[in-house]
Structure formats: C-alpha cells, structure tokens
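This briefing goes through selected local features of one protein model. Please keep the sequence and the coordinates open while reading.

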Amino acid sequence: MNFNFKVYDVIVIGAGHAGCEAAFASARMGCQTLLLTIDMDKIASMPCSPSIGGMAKGQLVKEIDALGGQMAKISDSSAIQYRTLNTRKGPAVHSTRTQNDKALYSKNMKTVIEHTKNLDLKQAMVQELVLENSIVKGVIDHTGFEYETRAIVIATGTFLKGTVHIGSSKIDAGRAGEFSAISLAQNLSRLGFNIGRMKTGTPPRLHADSIDFSKFNIHTSDSRPKPFSFSTTEISNPMLPSFMGQTNRQTHDIIRQNLKYSALYGGHIKGRSARYCPSFEDKIVKFPDRDSHHVILEYEGITSKEIYASGLGNSLPLDIQYKVVRSVKGLEAAKIMRPAYAIEYDYVDPLELSTALETKKIKGLFLAGQINGTSGYEEAGAQGLWAGINAACAVQKRAPFILDRSQAYMGVMVDDLVTRGTKEPYRMFTSRAEYRLLLREDNADLRLSQIGNALGLVDDDTLKFCEEIQRQTQKEIQRIKQTVVKPTKAVNDLLQANDTPPITNGVKLEQLLKRAELNYVTLKDICPSPEPVLERAEQQVEIQIKYEGYIQRQLNEIKKYKDLERINVPKNFEYANAHGLSNEIREKLCQILPTSLGQASRIDGMTPAAISVLMVAISAFHHKKQPLT
C-alpha cells in the first residue's frame with residue numbers, strides 16, 4: 001500500500017555534509033525536495049575533526065560557496081579559529097581552515113534547512129528503494145511508509161552497515177551511539193552494486209580541566225582572519241587557540257605491547273583504511289624509527305569542555321587508551337570523555353557512476369560522499385552539491401552539470417572517482433589538480449559564479465559583483481603593462497626601502513610588479529590607478545602579472561587537454577570493433593564507459609597506442625566505416 005501524501009521531485013537520504021548540500025541545491029533549483037535523516041538532531045554532524053577546510057579541502061569549500069552551496073557560510077557562522085595554510089608558498093596552494101564549534105555548526109545548518117523553500121525535513125531510516133524497470137520511483141522507511149519521487153540522492157556517510165570497533169568490542173552503529181543502516185546496505189547489494197568495505201576512525205575526546213595546557217605549544221587564530229564564504233562580511237565568534245604537543249617513546253612502547261588488543265591489528269577490521277591519515281597504531285607500525293608524533297588539541301566548542309585529541313586516534317580497549325593518553329606530556333591526568341574508535345562501513349565502487357554521479361544501473365539514483373569511497377566533510381559536501389544539482393537537472397530534463405579538471409577541484413575529484421575508482425578512502429590533495437595555479441581559492445567565485453547563476457543557485461547581484469572584479473582586473477592589468485616608470489629619486493628610494501635594486505632607465509610598471517620583493521600595494525605609492533580598484537581586483541592583478549608565464553603555460557596545457565575532451569565516445573560505440581586493444585583495456589572501457597577520449601586517456605593502464613586505436617575507431621564509427629585494423 002502506498003502511503004504518499006506528496007510526490008517529491010528529489011529525495012535525499014542522509015543529512016550529513018553531502019546530504020545537506022544535495023538537498024539545498026535541489027530545493028533552490030525549484031525541485032520539491034525531501035531530506036530524510038535517522039536523527040534530526042545530528043544534521044551536518046562533525047563526528048571527527050571539529051574543523052572545515054585545510055590543504056586542497058579549502059579550495060573545495062570555496063567552490064561549493066561559489067556555486068551557491070552552504071558549507072562556507074555555516075563554517076563562518078560557527079568558526080572559533082581561522083588559519084590560512086601554506087602562506088609561505090605560492091597562491092596556488094593557499095588553503096583556508098577553520099576550527100569550529102561543532103554544535104553550533106549543526107544547529108545553524110538545521111536552521112537554514114528548516115527555512116529553505118521547497119525543502120521538507122523528516123526523521124526516518126530508509127530501508128529500501130522502490131524501482132520500476134531500473135528507474136527510481138520512491139523509498140520505503142523502517143515503518144513501511146513509502147515516499148514517491150523522481151530522483152534519489154544517497155548520502156549515507158559511514159552508516160551503510162556501519163560497525164564501531166573499540167578493542168574486541170563490535171557495535172552496529174553508523175557513528176558511536178547511532179543506528180547502522182543495515183537494510184539499505186543489503187538492498188543495494190541485492191541490486192547488484194559492487195560493494196566494498198572501508199575503515200576510518202576518530203581520536204578520544206578529553207576533558208579540558210584535566211589537561212595541563214602549559215606543556216603544549218599554543219597556536220592562535222590568524223590575526224586578520226579572512227572569512228570562508230565570499231558573502232560573509234563579519235566574523236563575530238570569539239577565536240580560541242589550539243595546542244600542539246608530542247607523543248614519546250613510552251607512548252609508542254604502550255602501543256607496541258598492546259597491538260594484539262587493537263581492532264585494527266587484532267584481525268577484527270577488514271575494511272581499507274587511508275594511507276594519508278593513519279591511526280596511531282598504524283603510525284607506530286609503519287614508522288618504527290620515529291620517536292614522536294604530533295598531538296594537536298582543539299576545542300570542540302565555545303562553551304564545551306570536550307577537547308579533540310588529533311593524532312591519538314586508535315581502536316584499542318578503553319583501559320589501554322588511558323595508558324596511551326596519559327603517557328603524553330601534559331595529559332598525565334587527562335580524563336577521557338569519549339573513547340577513540342574505528343568504524344567500518346560499506347561503500348559502492350565509484351566506477352559504477354557516470355560523471356553526473358548517477359548510477360549506471362539505475363536511472364535517477366545518485367550517490368554522494370563516503371558511499372563513493374571518499375573521506376572528509378569537504379569532499380562529501382562538494383559531491384553532495386554536484387549530485388543534488390544533477391538530480392534536479394534530471395527531473396527538469398536539463399543537461400547534466402559537469403565541471404572538468406580545468407574548471408574546478410571538484411571536477412578533478414569526480415573525474416578521479418568515476419574514471420579511476422578508489423580502493424582506499426579518497427582525499428583531495430593539491431597535487432591531484434594539474435591546473436592548480438588556475439584553480440585557486442581566491443578566484444573560485446570568478447570561475448564558477450556564472451555557472452551557479454545559470455543553475456539558479458547564485459543571485460544576479462553576486463554575478464554582477466564578480467563581473468565587476470574581472471572588468472577592473474583586466475583594465476588595471478592593461479594599465480600596468482602600458483605604464484612606464486622613470487628613475488626618479490622618490491621611485492628609487494622606495495625600491496631601496498623594499499630591498500630591491502634601483503632603476504637607471506624607464507621601466508614598465510609590470511616589470512617592477514614581477515619582482516619578488518614588491519607587491520601591488522607597494523606600487524600604488526609609485527603610480528596609483530586613476531580610478532578606485534577593489535581589493536579583490538588588486539589581488540587578481542598581482543597574481544596574474546607575477547605568475548603570467550606559469551599561467552600561460554597551464555592555459556596551453558588546458559588547450560591540449562580540451563582537444564581530447566572534445567572527441568566524444570558515442571553512447572552505442574562497440575569496443576569490440578576497436579581492433580588492437582588488449583583484453584584488459586577493453587574490459588576497463590566497457591566497465592567505465594568513458595564519455596570522451598580525454599576521459600578514456602585517464603583510465604589506469606591506458607596507453608598512447610590504445611588511444612590512437614580508439615581515435616581511429618571512433619572516426620570510422622562516425623563515418624559509418626569499419627574500423628581499421
């Protein structure tokens with residue numbers, strides 16, 4: 001029996017960081033959207049680090065914001081520390097990170113959800129998808145109630161058959177203290193999806209009053225914090241410090257002596273863990289020569305006494321956890337409020353997905369976040385936005401929303417997932433983005449606001465502001481390239497004051513700006529613009545002139561990349577007709593079904609010779625000829 005009162009355009013399962021962004025995108029694009037979650041009090045929860053952003057992750061958050069998403073705005077509303085990372089390096093790798101009041105983050109996200117037009121929020125555990133001829137029709141919850149829909153986004157995080165491990169103790173849970181989504185996991189398996197297991201974990205939470213912070217090095221917020229969102233004008237929360245300490249040989253000895261009691265090394269965990277974010281046991285085993293590892297203490301909230309002990313994540317029994325924690329200098333009397341634990345969960349091989357994050361098996365079914373084998377709030381949020389937009393596009397019969405590797409970090413991430421798959425939790429790195437000099441934090445809105453506006457997610461005023469920045473930037477670059485500075489005493493005094501050689505002949509202002517010792521602000525004292533220039537435009541001018549050669553090189557590389565991307569693989573193309581391909585490559589092509597020759601070129605194991613064979617075969621197909629052998 002169908003109990004529907006309302007037919008939804010899009011249903012989003014899970015209200016974590018992926019689910020929230022998916023629901024916002026769908027609803028704001030005009031789709032009647034339902035967001036279902038097991039616990040409405042845990043919306044956009046931060047079960048691990050109480051932070052948003054970081055290296056490469058900050059770029060993802062800025063892109064979410066530039067496309068009209070919510071993560072950066074909520075981060076600003078709950079931030080208790082701001083840090084810009086990699087400031088000693090070039091602008092391509094500058095990344096924002098906030099420490100957040102996790103309860104405030106969740107509360108503020110829920111408030112926005114409850115006030116968003118076209119968006120309903122309900123508490124329910126989905127157990128089964130309703131399908132008809134491999135097309136989604138609805139979902140059934142744990143009470144048997146059915147909701148009808150035209151598209152579904154599954155964003156279940158670690159809840160699919162989630163299992164929490166503390167020593168030999170095993171608990172069915174999506175997070176500590178929360179239900180595990182077992183029935184939905186079984187349903188996806190029955191539908192024939194390639195399911196795997198992954199593992200992540202979280203460190204203990206300590207009581208602030210039991211810590212001797214004087215034995216740690218203090219790290220304060222940036223003195224002039226920059227908001228995460230391009231729309232944030234004021235930072236109002238108090239800024240709190242974090243504290244850095246070290247483990248020691250005694251700590252490491254405790255781990256070595258008790259490895260057999262660890263769920264990870266005791267044989268209880270089968271899921272793949274991430275190499276780049278190892279548990280403390282992993283660090284001791286894999287880096288036996290290290291005498292110490294970092295321990296970073298962060299407040300979980302403005303009024304909370306809970307302290308997040310980054311670096312001490314493990315899956316040991318609680319009594320051993322106490323020994324480990326109290327062996328660290330400054331934590332000799334520490335009280336554990338919540339124990340560390342490991343968690344295993346199901347994920348779907350992302351090779352099952354199209355570039356729209358829609359499953360190839362079932363039309364109208366989209367996946368986002370950790371179900372795709374990724375880790376991190378930021379990676380989840382970006383996928384949620386992507387999947388939510390595409391679910392809405394599918395319902396509205398619009399072309400899919402796709403960003404390529406030259407347009408955005410999230411384009412790199414999605415392409416990596418659907419082209420190469422992943423066997424361990426995927427994390428975004430700046431090194432994954434080959435065009436990172438063009439995909440900076442500072443220009444995310446300039447790159448993407450027009451796309452967001454076309455989707456209905458970015459308002460006209462924001463788009464006009466971005467266009468004005470671009471107009472001012474180009475005009476000022478032209479002026480700087482044409483202006484000649486003469487070697488007056490005032491000019492040379494200023495140059496010497498900035499530890500850069502004086503000039504003896506007239507030089508273009510552009511040449512001076514390219515000097516490492518000088519910046520745009522300095523040159524305003526030499527030859528200011530006759531018209532006011534926005535600070536954002538000044539920043540763009542300096543970057544584009546200083547890195548002009550590198551930028552042009554990347555633009556040339558992008559042109560070559562686009563040439564391959566423009567060669568589409570026909571939907572009904574038969575790889576059996578492409579003679580000269582190895583069986584292994586042909587099998588991968590049939591599994592991934594690349595949409596372009598460019599995507600095919602990035603499949604693991606693909607060779608230049610195989611690409612040449614494909615190119616000839618595709619050309620022959622278009623001309624209705626037999627492929628050459």
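The points below cover a sheet with its packed helix, then aromatic pairs, then charges over rings.

The model is predicted. Its features here include an open sheet of 3 strands, aromatic pairs that number 8 by the rule applied, and a lysine placed over the face of a phenylalanine ring, namely Lys62 over Phe230.

**Sheet and helix**

- The open sheet of 3 strands follows the order E3-E5-E4, and its pairing is antiparallel.
- Strand E3 (51-53) and strand E4 (79-85) are the edge strands, since each of them pairs on one side only.
- From one strand to the next, the twist averages 15 degrees.
- Strand E5 (residues 95-100) is joined to E3 by 3 bridges, and the two run antiparallel.
- Within this part of the sheet, Ser51 has Gln99 of E5 opposite it.
- Helix H3 (residues 71-78) packs on the sheet and touches E3, E4 and E5.
- The direction of H3 makes about 120 degrees with that of E4.
- In general, strands of a sheet pair through backbone hydrogen bonds, either parallel or antiparallel.

**Aromatic pairs**

- The count of aromatic pairs comes to 8.
- One of them is Phe145 with Tyr147: the ring centres are 4.9 Å apart and the planes stand at 50 degrees, so this pair is tilted.
- Phe145 has 21% relative accessibility and therefore counts as partly exposed.
- Tyr147 has 9% relative accessibility and therefore counts as buried.
- Phe243 and Tyr299 also pair, with ring centres 6.3 Å apart and planes at 65 degrees; because planes over 60 degrees apart count as edge-to-face, that is the class of this pair.
- Phe243 belongs to strand E15 (residues 242-246) and Tyr299 to strand E16 (residues 294-299), so their pair ties together parts 56 residues apart in sequence.
- Phe243 and Tyr299 are both buried.
- Together with Phe213, the residues Phe243 and Tyr299 form one aromatic cluster.

**Charges over rings**

- Lys62 lies over the face of Phe230, and its distance from the ring centre is 4.8 Å.
- Arg432 lies over the face of Tyr426, at 4.1 Å from the ring centre.

Methods. Residues numbered from 1 in each chain as written. Predicted model: local features only at pLDDT ≥ 70, side-chain atom pairs only at ≥ 80, totals over all residues. Heavy atoms only, no water. Pairing = 2+ DSSP bridges. Helix = DSSP H or I, 4+ residues; strand = E, 2+ residues; numbered from the N terminus. Axes fitted to C-alpha atoms, helices over the stretch in contact; angles between N-to-C directions. Contact = heavy atoms within 4.5 Å. Phe/Tyr/Trp six-rings, centres within 6.5 Å; stacked < 30°, edge-to-face > 60°. Buried < 20%, exposed > 50% of the residue type's maximum accessible area, 1.4 Å probe, protein only. Lys NZ or Arg CZ within 6 Å of the ring centre and 35° of its normal.
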